[in-house]
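Trainee: I'd like to go through this model and ask what backs up each word we use for it. Can we start with a strand pair?

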Protein chains: 2
Amino acid sequence: MRDFLPEDVRRREYVIGIIKRVYERYGFEPLETPAVENLETLLGKYGDEGNQLIFKILKRGEHEKTGEADLALRYDLTVPLARVVAQHQAKLPRLFKRYQIQPVWRADRPARGRFREFYQCDVDSLGSTSPTIEAELCAAVADVLTELGFDEFVIRINHRQLLTALLEVSGVDVSLHSGVLIVLDKLDKMGPESVRAELSSRGVSDSVCDSLLKTFAGRGRHLPSFSDDVLQQFFDTFAEDPKALAALRNLKTIKELVGGTSADKRVTLDVSLARGLSYYTGAIMEINVADLAGSLGGGGRYDNLIGMFSGQDIPASGFSLGLERILVVMTERGMFPPTLATTPADVMLATFDAAAAGDAMRVADILRASGLRVLVYPDADRIGKQIKYADGRGIPFVALLGGDEIKAGTVTVKNLAAQTQQTYPQSAAGAAIREALTPRG
Amino acid sequence: MRDFLPEDVRRREYVIGIIKRVYERYGFEPLETPAVENLETLLGKYGDEGNQLIFKILKRGEHEKTGEADLALRYDLTVPLARVVAQHQAKLPRLFKRYQIQPVWRADRPARGRFREFYQCDVDSLGSTSPTIEAELCAAVADVLTELGFDEFVIRINHRQLLTALLEVSGVDVSLHSGVLIVLDKLDKMGPESVRAELSSRGVSDSVCDSLLKTFAGRGRHLPSFSDDVLQQFFDTFAEDPKALAALRNLKTIKELVGGTSADKRVTLDVSLARGLSYYTGAIMEINVADLAGSLGGGGRYDNLIGMFSGQDIPASGFSLGLERILVVMTERGMFPPTLATTPADVMLATFDAAAAGDAMRVADILRASGLRVLVYPDADRIGKQIKYADGRGIPFVALLGGDEIKAGTVTVKNLAAQTQQTYPQSAAGAAIREALTPRG
């Protein structure tokens, strides 16, 4: 788990700020849940592997010595959402659109670029089965990536029922579907030979493997677009399968609906897309950026999960962005704006002697009132040492307030980069510094 | 532990936003640490009672069955700060001013208004012993409360060394000082008789109790101001005690330094102020709001704590605001601005039929581009039902896009409160809605 030093926090908040703003624009509302859930709430929801990765909290007080756990750290944001819906049903609207940006914890073995505490940015619409929901999720996510500065990205979409039909056509036994999809989801990472080996170990015959790899390995992100030709081909193939036809129609509608939005031309049908989570029931989505292996996020429709706690079926569809991944890529590619603060202050007030400290505080207050971030150097060290501190911290201006300045009601402002200095009336210095800070068009 | 539904989150973020903005203006930088610390890091730092209240995390995998814990949830933000300073020393500046706003967890018995997960808002300056630091903490906190809308508040200050001198004069044995201060800190809550009983049980004699209660119970928040008279009286009393004199001089300087800031006239000497934490070494502070028992925050100088992990003495002083308390008071007193969003959207686009959904998406996009928060009603329910949904959620405008509007490139905007409607060109509707949303001067 990591500490986030000031520069890290600023970058994280910049990205989170954009994600929030975009989601709010789409009518999604913020939700936050506690870090700690009842252990019971989480157990059994993430498969055997998941159960092992949950951080469990020891009972307190006299029960501590039993060595038993009753609480656990949040493992994702979806199960807490389902719990919230059951618990606060009366307070929540019939159509509930929420976003949630909070850390989750998984006891993975620490590895490069993987952390045991990491943030998820989830956005979900509850209460409607309309394809408008998926189209809007695509549009919102496209807006987020665009505002973050990503130029080339594509949203691949597929449908769980179309996958089912494809598996059936390939001859995969229904009992193996869920496991086979988890393996096929790894095709990008593992390559066809490893996937073939893992499929075999799950009991898939050689001929079925051939068929699957022909269907899935041949496509992937190379599929040029969501063309009518490609789609028609599938409509023909599954003309006799009502579920597959409904899935195809759903995908076609989503594609049409995004036409009027920022996700237009971003959305691509990819029948090889097979999100690993078993709870999806309809359209599934994943977002990929040019020249980057893996995805920046994904999601889909899951109509049977939310009702798990309330016992009432509530259709749902959502998308999760990987904040940590986005931050890594944006850092590597230098995508943060130069205006993002990397310094503790715009100006530092030097302190000549203890007697002048009150005047320094007062002038600092005047400069703050003009909107500047002002650091008062607290000790009457040598002025050279103080200026060196400002320089080392990247603070561009140092304000000097000596006896003459105090008497005259002025302040001398040193521009450290330009190595110039100028004396202003105390009331005018703030505006002058702001002017100098504004990047030239 | 609580879920925060949208309205809660918005209020929390409003308050946190102001706190951050003010602290940034003073040159404090953001720091975030993981929720989970090594158990060793926390144990023994919060006294016996604290040890009991730490949430401990069970070892994972094969070690789980030992029933042992190796990790724990963050209990406060001060110990993690000390750990960060030791761990990242080379990356941190000599003078390090940081704020940190994150949840902490304590296994308290749940009680009214107390939660096991709650946020702390800490601001600390590391690396200087100058009284400028305390003056700046007072000014920053005064700015925060003022911007939140609190009119009447006072920052009480005292000094640990002055307290020591007062206890000595009252005849309290040095070995009892720390415990006696914890009891005296509760004078407001418990009243003098309970305090007398608890002091007796700690071995304080009756005559010493009399003397203590005379000194401490007679003053409190009723002390009118930090007057020169009051101060001079103490200078006279402790004329022979160099430590007490240094403390008095320190308090006098802090008072003078805040003169030029927003904390002017807010700061009051209160010799009965006795913060419970034993690690304070210098000035201590607490902020009180009129007509409210207890404080909204407090802090002080603690020059020996940060070095605990690094082995190197680093002077420090800080202030912690109680976010949960502030939120309760602001809610009770109706202090949130009316402009704070309480609805999911500014306008809802109704959906006439599935065929018009694409146009609704497109027009929603146009409205969003004009800065509005737009919710697209996803299902082609009866229009009456859709409008009822918007009304129930407090969405002030509904945009209707029927066949005529689509053909004409217009949109009809219904003002639900005024029960009026008007048709605009699609490109002009956003500006019209924004205009109508702007509160009249």
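Mentor: Sure. In S8(B), B:Leu269 is the bridge partner of B:Ile157. This is a predicted model, in which local features need pLDDT of at least 70 and side-chain atom pairs count only at pLDDT 80 or more, while totals for chains, interfaces and linings use all residues. Residues are numbered from 1 along each chain as its sequence is written, and chains are lettered from A and ligands numbered from 1 in the order in which they are written.

Trainee: What makes strand S7 and S8 of chain B a pair?

Mentor: Two strands pair if DSSP finds at least two bridges between them. Strand S7 (residues 153-159) of chain B and S8(B) have three bridges, in the parallel sense, so they pass. The strand and helix names come from DSSP runs, numbered from the N terminus: helices are H or I with at least four residues, strands are E with at least two.

Trainee: Which strands are called edge strands in the eight-stranded sheet of chain B, and what makes them so?

Mentor: The order in that open sheet is S1-S5-S6-S11-S10-S9-S7-S8, with mixed pairing. Strand S1 (29-30) and strand S8 (267-269) of chain B each pair on one side only, and that makes them the edge strands.

Trainee: Which helices pack on that sheet?

Mentor: Helix H1 (residues 6-25) of chain B is one, touching strand S5 (96-105), strand S6 (117-126) and strand S11 (316-322) of chain B, with its direction at about 160° to that of S5(B). Helix H14 (residues 323-332) of chain B is another: H14(B) touches S6, strand S9 (283-289) and S11 of chain B and makes about 35° with S11(B). For touching, two residues are in contact if their C-beta atoms, placed from the backbone, lie within 7 Å. The angles run from 0 to 180 degrees between N-to-C directions, and axes are lines fitted to C-alpha atoms, for helices over the stretch in contact.

Trainee: How do you know how H1(A) and H14(A) are oriented towards each other?

Mentor: They pack at an angle of about 115°, with their axes 11 Å apart. That makes H1(A) roughly perpendicular to H14(A), because 65 to 115 degrees counts as roughly perpendicular, under 35 as roughly parallel, over 145 as roughly antiparallel and the rest as oblique. A:Arg11, A:Arg12 and A:Val15 in H1(A) meet A:Leu323, A:Ile326 and A:Leu327 in H14(A). By class, this contact has four nonpolar, no polar and two charged residues.

Trainee: Who counts as what in those classes?

Mentor: Ala, Val, Leu, Ile, Met, Phe, Trp, Tyr, Cys and Pro are nonpolar, Asp, Glu, Lys and Arg are charged, and the others, Gly among them, are polar.

Trainee: And why is H7(B) called roughly antiparallel to H9(B)?

Mentor: Helix H7 (residues 177-184) and helix H9 (residues 192-201) of chain B pack at about 165°, with axes 10 Å apart. That angle makes H7(B) roughly antiparallel to H9(B). B:Val180, B:Val183 and B:Leu184 of H7(B) make the contact with B:Val195, B:Glu198 and B:Leu199 of H9(B). Here the classes give five nonpolar, no polar and one charged residues.

Trainee: What leaves S13 and S16 of chain B with a side lacking a neighbour?

Mentor: They belong to an open sheet of five strands, ordered S13-S12-S14-S15-S16, with mixed pairing. Strand S13 (374-376) and strand S16 (420-425) of chain B stand at the edges with a single partner strand each, so one side of each has no neighbour in the sheet. The twist averages 25° from one strand to the next. Inside, strand S14 (residues 397-400) and strand S15 (residues 410-415) of chain B pair antiparallel over four bridges, with B:Leu400 opposite B:Thr412 in S15(B).

Trainee: How do you know how the two copies are related?

Mentor: Chain A lies on chain B with an RMSD of 0.0 Å after a turn of 180° and a shift of 0.0 Å along the axis. The two copies are thus related as by a two-fold rotation axis. The superposition is by least squares on the C-alpha atoms of residues with pLDDT of at least 70 in both. In chain A, the C-alpha nearest the axis is that of A:Gly67, 1.8 Å from it.

Trainee: What makes you say the copies meet through the same surface?

Mentor: 100% of the interface residues of chain A are also interface residues in chain B, so the surface is the same. In numbers, 66 residues of chain A are in contact with 66 residues of chain B. H15(A) gives the most to the side of chain A that touches chain B, with six residues.
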